[in-house]
Amino acid sequence: MALLDVRDLHTTFRTDDGLVKAVDGVSFTVEPGKTLGIVGESGSGKSVTCLTIMGLNDRRSASTSGQALFKGADLLAMPKNELRALRGNEISMIFQDPMTSLNPVHTIGRQLVEAVHLHQDVSRSSARSQSLDVLKAVGIPNAERRIDDYPHQFSGGMRQRVMIAMALINHPDLLIADEPTTALDVTTQAQILKLMDTLQKEYGSAIVMITHDLGVVAEIADDVVVMYGAQVVERATAEELFARPSMPYTWGLLGSLPRIDHDVERLAQIPGTPPSLLNPPSGCRFHPRCTYAMSICQSEQPPLASATGSETHLSRCHLDQATRLTEIKKLESGHFAEVT
Amino acid sequence: MSDDLLVVEGLKKHFPVTRGIIFQRQVAAVKAVDGVSFTVKRGETLGVVGESGCGKSTMARCIMRLIEPTAGSVVFDGREITGLSRHELRPIRREMMMVFQDPYASLNPRKRVGAIVGEALEVHKIGTATETKRRVQELLEIVGLNPEHYNRFPHEFSGGQRQRIGVARALAINPKLIVCDEPVSALDVSVQAQILNLLKDLQKEFGLTYVFIAHDLNVVRHISDRVLVMYLGHAVEVATRDELYHHPRHPYTGALLSAVPVPNPELARARQQILLEGDVPSPLNPPSGCWFHPRCPRHHPGVCDVREPQLVAAAGDHRVACHFPLERWPMNAAEMAAPAASASTGAGTATGAP
Amino acid sequence: MTRYVIRRILWALVLFVVVTFVSYVIFFLIPADPVKLFAGRQATPEDMARAAAFYGLDQPFYVQYWKFLSRLVTHGVIGEKALGFSFVNRQWIASGVQSRAPVTASLVLGGAVMWMILAVPIGIVSALRPRSLIDRGATVFVLIGISAHPVFLALIFLYIFGYKLHMFPIGSYADFFNPPPGQAGGPLQWAWHMFLPWCTFAILFAALYVRMIRASVIETMNEDYVRTARAKGAPEWVVMRSHILRNALLPIVTMLGMDIALGLGGAVFTESVYSLPGLGQWAVQSLETFDLPVTMGVVVFATTAVLVVNVIVDVLYAVIDPRIKLA
């Protein structure tokens, strides 16, 4: 059984300008101990999806429907205190900006101990020793001394380690990471990704990694969900997605990446800008920017269906199988050819 | 006319740290830029990479004379521009322009796009009002915006479009040099590609010279002809793009390259990363000897922590500041930690250029 | 920390000299001759000269100012003779300050406690439920508090709660520790006598603070670390107490220091209407009678109080906000 099974999730925000459908019918599953990457540009709904699952949206303006089954129990339907008991315990979350995600007026020790006490009935000294252990596990040097330091005394990379420590302290089964390395430098990013990989093996947690960086997904994910305009447009294993991307948005994303491993004179750019969620385009959300768009694309929304015959590989596109395969071939021989 | 448009020699910017009860005295200095030298040829793009805090943005502002450098010389188009008065600087300001990182903060929200783009024309008193308007509309068209949007305000545009406005503003009076400070790092991937393509097209069309500052090694590789790598206020390696990415000599460059995520699961997982330990030290109190030695996998006690390496030629135009430069690439962490037997002589060659 | 305190004290001394000097200059700019008042209506020129010499008013003002300063130093600031004596009743100023300062302190500090007791809960509740009935009610309260003058409020309060309802005494003060024989005293009497003045004094600040606390709490609620706390599974009251309030009240502490100091000025009105024998009322009387030493005494005391409160607040701020390092 999947650890997390999200079915037809919708999240709508009331704003002064009208209703914003930030998540519009999103479904995916996360297997125990595996990593799911959710990729998308800003405004694609990837972060809101995860905040909805965690029940962290602003209650006054957001309304939600659909299901998010965690070990069979629906997170969206359960009473608040039950969800609270899961949060930080069986499901935990880390955020993009380690600079602002820790409370500046408490020592990191106090914030870790708080996380322990919220879910375990243990003594202060036991909570503190657990905190110390997990700080050592995430690679904070001189943890004994630094546990009583305040967040501002740590560098960005070290703060993200502290955030990871806090998320893992109660040994969660699922860790949701919302762009955890975006605010970090590339060498620090490599350290953090490596750390998450090591800890995943040690703790056996499943990870949902939200990112805009296809490179990060390739490094860490087993399965990938590509989001565009509040919807899932492609779902596949990492190997499938990078070897046989099967719809124009994903082609565009891969083609628009300047890459360290090979040269192109011009990047394949996607024209236009991401759609407004206040007033999304009719039919396929991508059609106004799609070079392959047909008349059906304007009127009818394509379903999320098997793309290349593989059951794990789904995408949302009206192009027929043959056209897609020839396009993939073309791209493979041209742009996606690996230069080693 | 020389081939070099911009020659920077020993550029330094130290920010003083003061302390005192009533009279402030300087107790230390943040060495944001500490002796950087390089040249930029006409029509080429020099990429500058480095992590946050390496001094790359401060350096850009020193070149533009937006802040006063502490020491060093900046020769632009054959003219020394450090020490020039505001008045003397004016004609030179027309020839070097800057594009900034944040397309949301760098445009005045209360001004119309036409006024923003035409500002430089007005400051330098070029043309009549109708000429200005025509030029602005032409510029908007060049950067791929609708010339009819002349009267709109910045908030009516998306991030990518705003960055196009920023580019149009920089182009307004046909500058020779454009310094781009992280121009695409706030943009989404698909929009980033649009701006990168635009910059490349403009360079071809108008023969522009770029200094392109970024932390993203993929982006820098795509746009640059030559690349300068900075660490803690120093230039640690300069080379042509292909040389630098195929045969990096400095261990830091190697570590940077190996840390870049590759959008290919097989390659990404097969490759051996060189992980650096710890964080970048404070420029307030930089390490002795080589600035990189506390984090360097090849660090030789007695050499690297004592002698400051000079930026010297390793091969042709490829210059590196390291006592034990990498012999080959790629390399895994273990190989990197054990420099070849000739390393001790390598220390010799590092100080005296071969 | 020590360096910081030393630096602050040095600056405080400079400020002290500036403030007292300016007070002197202003006093001598007033086009009236105090000597005439003191020498009596029928005074001959000789009497006037004698009086002027006696009070030291025959010398140029900077000489007088210098004497005033050196007296402060030689007698010690809190010494009996340090501030000289009153022109009007020839009593030592220091003893007057000693008996009146506690009254003003009661009013200002009690008022500060009162306005915080009012403002913190109202501010938090209206931040939690923006645009709700409570929030709108609070907005009305804020408007009234900011627009109503303390003298007006004091008269209304006295009329309703004192004169009509007989709930509170009118125009008297009860000492907290040792009341004069035959008069009411002790903590309960003190609080009962001070209650209306406190309300009058507090209402303006309470209104300002409701608005500030509301804004600060709303801003803090949107901070990333608050979301982190919820993601950890913290219940709402823990989120509020240990993550929102602690951070939201940091800027309020700084404001509180400045406003308590400012409040010394506002105390003048309240003390006058409620006939409280405090410093504010004394200062007003001294100005009416050209009693320079009394004015200066009050100025010295108020300046010192303001400076001391500010240093205390700064140090306190460094203690509660670990990011601030005093150097």
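These notebook entries follow two contacts in a predicted model, one between the domains of chain C and one between chain A and chain C.

**Entry 1: the two domains of chain C**

I began with the domain assignment of chain C, which gives domain 1 as 2–75 and domain 2 as 96–320. Taking the centres over C-alpha atoms, I found 32 Å between domain 1 of chain C and domain 2 of chain C, and I noted that their contact draws 19 residues from domain 1 of chain C and 14 residues from domain 2 of chain C.

I then looked up how much area these two domains of chain C bury between them, which comes to about 1,500 Å², with carbon and sulfur atoms giving 85% of that area. When I turned to specific pairs, the count of salt bridges between domain 1 of chain C and domain 2 of chain C was zero, and the count of residue pairs in polar contact, with both residues at pLDDT 80 or more, was zero as well.

For the side of domain 1 of chain C that touches domain 2 of chain C, I listed the elements that each supply at least two residues, and these are α1 (2–29), α2 (34–39) and α4 (61–75) of chain C. I recorded α1(C) as the element that gives the most to this side, with twelve residues. Sorted by class, this side of domain 1 of chain C has 15 nonpolar, three polar and one charged residues.

**Entry 2: chain A against chain C**

I next went to the interface between the chains, where 28 residues of chain A are in contact with 23 residues of chain C. Chain A and chain C bury about 2,200 Å² between them, and 56% of this lies on carbon and sulfur atoms. Within the area that chain A buries against chain C, I found that P104(A), V105(A) and E114(A) supply 23%, more than any other three residues.

I counted one salt bridge between chain A and chain C, and I traced a salt bridge between the side chains of E114(A) and K232(C), at 2.9 Å from N to O. I also noted 13 residue pairs in polar contact across this interface, both residues of each pair being at pLDDT 80 or more.

On the side of chain A that touches chain C, the elements giving two or more residues are α1 (46–54), α3 (108–119) and α6 (156–168) of chain A. Here α3(A) gives the most, with six residues. I closed the entry with the classes on this side of chain A, which divide into 13 nonpolar, eight polar and seven charged residues.

How values were computed
Residues are numbered from 1 along each chain as its sequence is written. Chains are lettered from A and ligands numbered from 1 in the order in which they are written. This is a predicted model: local features need pLDDT of at least 70, side-chain atom pairs count only at pLDDT 80 or more; totals for chains, interfaces and linings use all residues. Side-chain values use heavy atoms; hydrogens and water are left out. Domain bounds come from an automatic or database domain assignment. Contact means heavy atoms within 4.5 Å. Buried area is the accessible area (1.4 Å probe) that two parts lose on being put together, summed over both. A salt bridge is a side-chain nitrogen of Lys or Arg within 4 Å of a carboxyl oxygen of Asp or Glu. A polar contact is a pair of N or O atoms within 3.5 Å; within protein, one must be able to donate a hydrogen and the other to accept it, and residues adjacent in sequence count only if both atoms are side-chain atoms. Helices (H or I, at least four residues) and strands (E, at least two) are DSSP runs, numbered from the N terminus. Ala, Val, Leu, Ile, Met, Phe, Trp, Tyr, Cys and Pro count as nonpolar, Asp, Glu, Lys and Arg as charged, and the others, Gly among them, as polar.
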